[in-house]
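User: Please take a close look at one part of this model, the sheet in the first part of the chain, and then place it against the rest.

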Amino acid sequence: MSDLSSLAQSLGGSLTGKRILVRSDLNVPLDGTTITDDGRIRASVPTIQALADGGARVVVTAHLGRPKGAPEDRYSLRPVAARLGELLGAEVAFATDTVGDSARSTVEGLLDGQVAVLENVRFNAGETSKDEGERGAFADQLAALADGFVSDGFGVVHRKQASVYDVAQRLPHAMGNLVATEIDVLRRLTVDPERPYVVVLGGSKVSDKLGVIDNLLDKADRLLIGGGMVFTFLKAQGHEVGKSLLEEDQLDTCRSYLQRAQESGVEILLPTDIVVDTAFPSGDRTPEPAVVAADQIPADALGLDIGPASGAAFAAALADARTVFWNGPMGVFEVDAFAEGTRAVAKALTEVPGLSVVGGGDSAAAVRKLGFEESAFGHISTGGGASLEYLEGKDLPGIQVLED
């Protein structure tokens, strides 16, 4: 694995004048063409800036959303390129295709230190193809645009895709600053973490977190569970959960986790109170939140947040932690009436005396929406799925391929 300086050495001792293809993660939420959270763009800037400052001609490739291998206006990276230019304080060229005439002419037009963004890499079916030949052919076209490759999109390193995996096999390559930082932080969570080690898991489904729970039950001291996934645990304990989100096929798995935790001395903390409503918040309906005991959820209600007593208990359980990993909000944080549980956990993380890691995705969006300064946390990951797979103990193709 090499850094930017060793990449320069492999390209003749300098990046000046070299075309460097950078795989960034610019998959930001959009409202039409308005970016509603630019966190991932801001996280991509240091590596791009460092390359530009080194005289490289920087060619950024990234995806947005899940187009089906063909152009879709709503997934265009044009507004992202504009925002990147604002953050860099310099004009960013934009190619209207991925490897076609516009991409080639845009790259050819770059001067030393300039930056271009290619259109959404997933507009080409070869990017995500399971067929190695198709994927490789697209990677050949991408590689033809550049002299070297930098992998800096941590949110996609768990994907075996052309711009993540195959291009690295075709060009001198390096790990970008963002990916290097992410891997360093995740190693601190998995290799001899400082204790007490507390893991906070939320989000909607237990099934999304099975591997993480399974792996971390042997590593963590405490496991705090909130969000929609908590109702499967409550049901596994025999409690009524009303109309709350429930994964019936995971009840036995939840019971086994509770049993394993008890036998191994790991504390699993579930909410003791829940904020409920009779309907999911939507449209013009005014929320009607009520707080009930976690074992007394009415049959006609659904849980939408952990309650205030649970928020306080979770904060207390985090107070002495030396290492914390948090992935998944405690409730429907987008709606003020159901945001307080997530706010309580986020605030507690800002006061943790040791390393606090916010594990990407909705958790990262939540801390920004709720008004917390990013600098108040030890680390905010840009890749929820990649973080989870790393913590599950899985190999990440986009990291493996960088290992020389």
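Analyst: This is a predicted model, and a convenient place to enter it is a single bridge: Ile20 has Val58 of β4 as its bridge partner. That pair belongs to the contact between β1 (residues 19–23) and β4 (residues 57–61), two parallel strands joined by five bridges.

Both strands sit in an open sheet of six strands, ordered β5-β6-β4-β1-β7-β8 and paired in parallel. β5 (92–94) and β8 (173–175) are its edge strands, each pairing on one side only. On average, neighbouring strands in this sheet are turned by 25° against each other, direction ignored.

Two helices that pack on this sheet can be described in turn. α2 touches β1, β4, β6 (115–117) and β7 (148–151), and its direction makes about 155° with that of β4. Helix α3 (residues 78–88) touches β5 and β6, with its direction at about 170° to that of β5.

The buried residues of α3 are Pro79, Val80, Ala81, Leu84, Gly85 and Leu88. Their cover includes the sheet strands β5 and β6, together with α2, β2 (30–31) and β3 (34–35). Just after α3, Gly89 takes a positive phi of about 70°.

Back at β1, the chain continues into the loop between β1 and β2, where Ser24 is found. Ser24 counts as buried because its relative accessibility is 0%, and the cut-off for buried is under 20%. Leaving out residues up to four places away in sequence, Ser24 touches Ser44, Ile48, Val60, Thr61, Ala62, Asp152 and Gly153. Two of these contacts, Val60 and Thr61, fall within β4 (residues 57–61). Ser44 and Ile48, also touched by Ser24, belong to α2 (39–53).

α2 leads on to the pockets. The largest pocket has a volume of about 1,200 Å³. It is lined by 49 residues, and those closest to its centre are Asn27, Arg40, Gly361, Thr382 and Gly384. Elements that each supply at least two lining residues are α2 (39–53), α7 (177–190), α13 (361–369), β17 (379–380) and α14 (384–391). The most comes from α13, with six residues. By residue type, the lining divides into twelve nonpolar, 19 polar and 18 charged.

The second largest pocket has a volume of about 580 Å³. Of its 32 lining residues, Gly203, Ser204, Gly228, Pro329 and Asp362 are the closest to its centre. α9 (230–236), β14 (302–306), α13 and α14 each supply at least two residues to this lining, and β14 gives the most, with five residues. The lining here divides into 13 nonpolar, 14 polar and five charged. α13 and α14 thus appear among the contributors to the largest pocket and also among those to the second largest.

After α7, the loop between α7 and β9 holds two backbone features. Asp192 lies in this loop and has a positive phi of about 50° although it is not a glycine. Most residues other than glycine have a negative phi, and most peptide bonds are trans. Asp192 counts as exposed because its relative accessibility is 72%, and the cut-off for exposed is over 50%. Pro196 lies in the loop between α7 and β9 (197–201) as well, and the peptide bond from Arg195 to Pro196 is cis, with omega near 5°.

β9 belongs to another sheet. This one is also open, with six strands in the order β11-β10-β9-β15-β16-β17 and parallel pairing. Its edge strands, β11 (267–269) and β17, each pair on one side only. Five bridges pair β9 with β15 (residues 323–327) in the parallel sense, and Val200 has Trp326 in β15 as its bridge partner.

Helices also lie across the strands of this sheet. Helix α11 (residues 308–318) crosses β9, β10 (222–225), β11 and β15, running at about 155° to β10. Helix α12 (residues 340–350) lies across β9, β15 and β16 (355–358), at about 150° to β15. The edge strand β17 connects this sheet to the pocket description, being one of the elements that supply at least two residues to the lining of the largest pocket.

Conventions: Residues numbered from 1 in each chain as written. Predicted model: local features only at pLDDT ≥ 70, side-chain atom pairs only at ≥ 80, totals over all residues. Heavy atoms only, no water. 1 Å grid on protein atoms, 1.4 Å probe; cavity = no way out; pocket = protein on both sides within 12 Å on 5 of 7 lines; lining within 4 Å. Points joined across faces, edges and corners; volume = space filled by probe spheres on them. Helix = DSSP H or I, 4+ residues; strand = E, 2+ residues; numbered from the N terminus. Nonpolar A, V, L, I, M, F, W, Y, C, P; charged D, E, K, R; others polar. Pairing = 2+ DSSP bridges. Axes fitted to C-alpha atoms, helices over the stretch in contact; angles between N-to-C directions. Contact = heavy atoms within 4.5 Å. Buried < 20%, exposed > 50% of the residue type's maximum accessible area, 1.4 Å probe, protein only.
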